[in-house]
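Dear colleague,

I am handing over the structure we spoke about, and my notes on it follow below. Please read them with the model open beside you.

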Amino acid sequence: MKFGTKAIHAGVSPDLSTGAIMTPIFQTSTYVQKSPGDHLGYEYSRTHNPTRTALQNSLAALENGKHGICFSSGLGAIDAVVKLFNPGDEIISTNDLYGGTYRLFTKVFERYGIKFHFVPMDKPETIASHVNEKTKMIWVETPTNPMMNIIDIKAVSEVAKKHGLILAVDNTFASPFLQNPLDLGADIVMHSVTKYLGGHSDVVMGALVVNDDELASKLVFLQNACGATPGPQDCFLVLRGIKTLHLRMERHCQNGKTIAAFLKNHPKISKVYWPGFEDHPNHSIAKSQMRDFGGMISFTLVGNKLEDAKKVMENLHLFALAESLGGVESLCGHPASMTHASIPKEEREKVGLVDSLIRLSVGVEDAEDLKNDLAQALAKI
Ligand SMILES: *Cc1c(COP(=O)(O)O)cnc(C)c1O
C-alpha cells in the first residue's frame, strides 16, 4: 500500500462485535477471564489495550516497520530506549538536540552512569572518532531544532553497522510522511506523536517503531515494566489524526515553501533556515532522504535585536506564540527565550541560535493569509 492508503487503513479494522467502522475507545483497565489464563489476549491495560494495539500497528505500517510501541509522551519513549543500556555504557548523540532529550540524557541518565557524547554529525567520520568499546548507540535528530540542519541517516547507519551499534533516529520534525529512517538503515525510529502524527495540538504521546523482534520485545518489556503508556482516549485521537497525515503534510510542505520564499525576499530578514532552499548546506541530503521539505522554518532579523523579534511575535495574529509544532494551526516560537533558554548565550550563538531567531511551524491555513500576517507584523519594526 502507498502512504495515503496506509494512513487510512493500516492497523485498523471494523470492530468484530458491532461492525463499528472506527476503532472504539476501549476505556477499560482490565478484561474478564473465563478461567485463570483463559482470555482473549488482553489482561490489563498497562500491558495491552485494543485501541492502543490498533494505533501501534498503524504507526508501524507508516514507518515501514514491524513493531510499533506507544508511550505517554515522546520523552517517555526516549526514556525506554536509554533503559536498554547499563551503567558504564556510552551513547553518541547529535549536538544540536531537542532540549528535553538533552535534559533527560544529562540530568537523569548521567546520574545512573550512562555517558553521552554530543557531537556534530555533518561529517560521519566525526562520529567514528568517539566510538570505543563501551559505545552502544548513536542518537540522531534530523532535521534539527531550530537550525534545520540535516544529518545523512544512511551515512551514519554505515558507521553504526561497522561498529555494531544501535542507530536511533528522532523522526518528529519530518514525520513518517517525509522520511522513513528504518529504510535508511536505522534500528529504532522515535516520534513525539504530540506533533505531526497527532496533528491537532490536543494530545501528548510518544512512539517507537522497530523491525528487529528481539529489540521489540525488550522495548515492549520496558513499556509494561516502567508503565509510561498512553490512555485509550489519546490513542483514539491519534488514530483519527493519522487518517489525514498525508493531506496535512502536503499542505504543510506547500505552505512551507511559499512562506520560506516570502521570508527570503523580505528586506527586514537576514537569514532563513529551511532545507528546501538549494543553497541550504545540506540540501542534497535533504532531497535524497526526504520526500519534501516540510513546514518548519527559522529566520533571523536584520540588526539582530531581541526587541524587534519580540515585537514581530507580539504582532502576529494567525501564528500563535506557543511551544510545540506540527498542528494544523500555525505557531511561532522564540528558541533563545523558550525552548533553548537553558543553553548559555555564547553556546547558542555559536550554532546561529541568536536573539532575533524566530521559529515557525507553518500550519495548513491559506498561505496568502499567513503571508499577510507575517507582512503586517514585520511592518511594525
Ligand atoms: C516535542 C519533541 C520531543 C519530546 O516529545 P514530548 O511528546 O513533548 O515528550 C522529542 N523530540 C522532538 C524533536 C520534539 O519536537
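The sheet is a good place to begin in this predicted model: seven strands make up an open sheet of mixed pairing, in the order β1-β7-β6-β5-β4-β2-β3. At its edges stand β1 (67-71) and β3 (115-119), each of which pairs on one side only, and neighbouring strands of the sheet are turned by 20 degrees against each other on average, with direction ignored. Strand β2, which covers residues 90-94, pairs with β3 in the parallel sense over five bridges, and glutamate 90 stands opposite lysine 115 of β3.

Two helices that lie across this sheet may interest you. Helix α3 (residues 74-82) lies across β1, β2, β3, β4 (135-141), β6 and β7, and runs at about 155 degrees to β6, while helix α4 (residues 99-108) lies across β2, β3 and β4, running at about 145 degrees to β3.

Helix α4 also takes part in the aromatic contacts, of which a search of the whole structure finds nine pairs. In one of them, phenylalanine 105 and phenylalanine 116 are stacked, with 4.4 Å from centre to centre and 10 degrees between the planes; because phenylalanine 105 lies in helix α4 and phenylalanine 116 in strand β3, this pair ties together parts that are 11 residues apart in sequence. Phenylalanine 105 and tryptophan 139 form an edge-to-face pair, since their ring centres are 5.9 Å apart and their planes stand at 90 degrees. As tryptophan 139 lies in strand β4, its pairing with phenylalanine 105 of helix α4 ties together parts that are 34 residues apart in sequence. Phenylalanine 105 is buried at 0% relative accessibility, phenylalanine 116 is buried at 7%, and tryptophan 139 is buried at 0%. Tyr102, Phe105, Phe116, Phe118 and Trp139 form one aromatic cluster.

Turning to the annotated lysine, the unreviewed UniProt entry lists Lys195 as "modified residue: N6-(pyridoxal phosphate)lysine". In the model, lysine 195 sits in the loop between β6 (188-192) and β7 (206-210), and at 10% relative accessibility it counts as buried. Leaving aside residues up to four places away in sequence, lysine 195 touches Thr172, Ser324, Leu325 and Gly326.

Lastly, helix α10 (residues 245-264) has 20 residues and reaches 28 Å from its first C-alpha to its last, close to the 28 Å expected at 1.5 Å a residue. Its buried residues include Leu245, His252, Cys253, Ile259 and Leu263.

With best wishes

Methods
Residues are numbered from 1 along each chain as its sequence is written. This is a predicted model: local features need pLDDT of at least 70, side-chain atom pairs count only at pLDDT 80 or more; totals for chains, interfaces and linings use all residues. Side-chain values use heavy atoms; hydrogens and water are left out. UniProt positions are given in the numbering used here, feature names are shortened, and annotations may be inferred rather than shown by experiment. Helices (H or I, at least four residues) and strands (E, at least two) are DSSP runs, numbered from the N terminus. Buried means under 20% relative accessible area, exposed over 50%, partly exposed in between (1.4 Å probe, protein chains only). Contact means heavy atoms within 4.5 Å. Two strands pair if DSSP finds at least two bridges between them. Axes are lines fitted to C-alpha atoms, for helices over the stretch in contact, and angles run from 0 to 180 degrees between N-to-C directions. The expected span of a helix is 1.5 Å times one less than its number of residues. Rings of Phe, Tyr and Trp (its six-membered ring) pair if their centres lie within 6.5 Å; planes under 30 degrees apart count as stacked, over 60 as edge-to-face and the rest as tilted.
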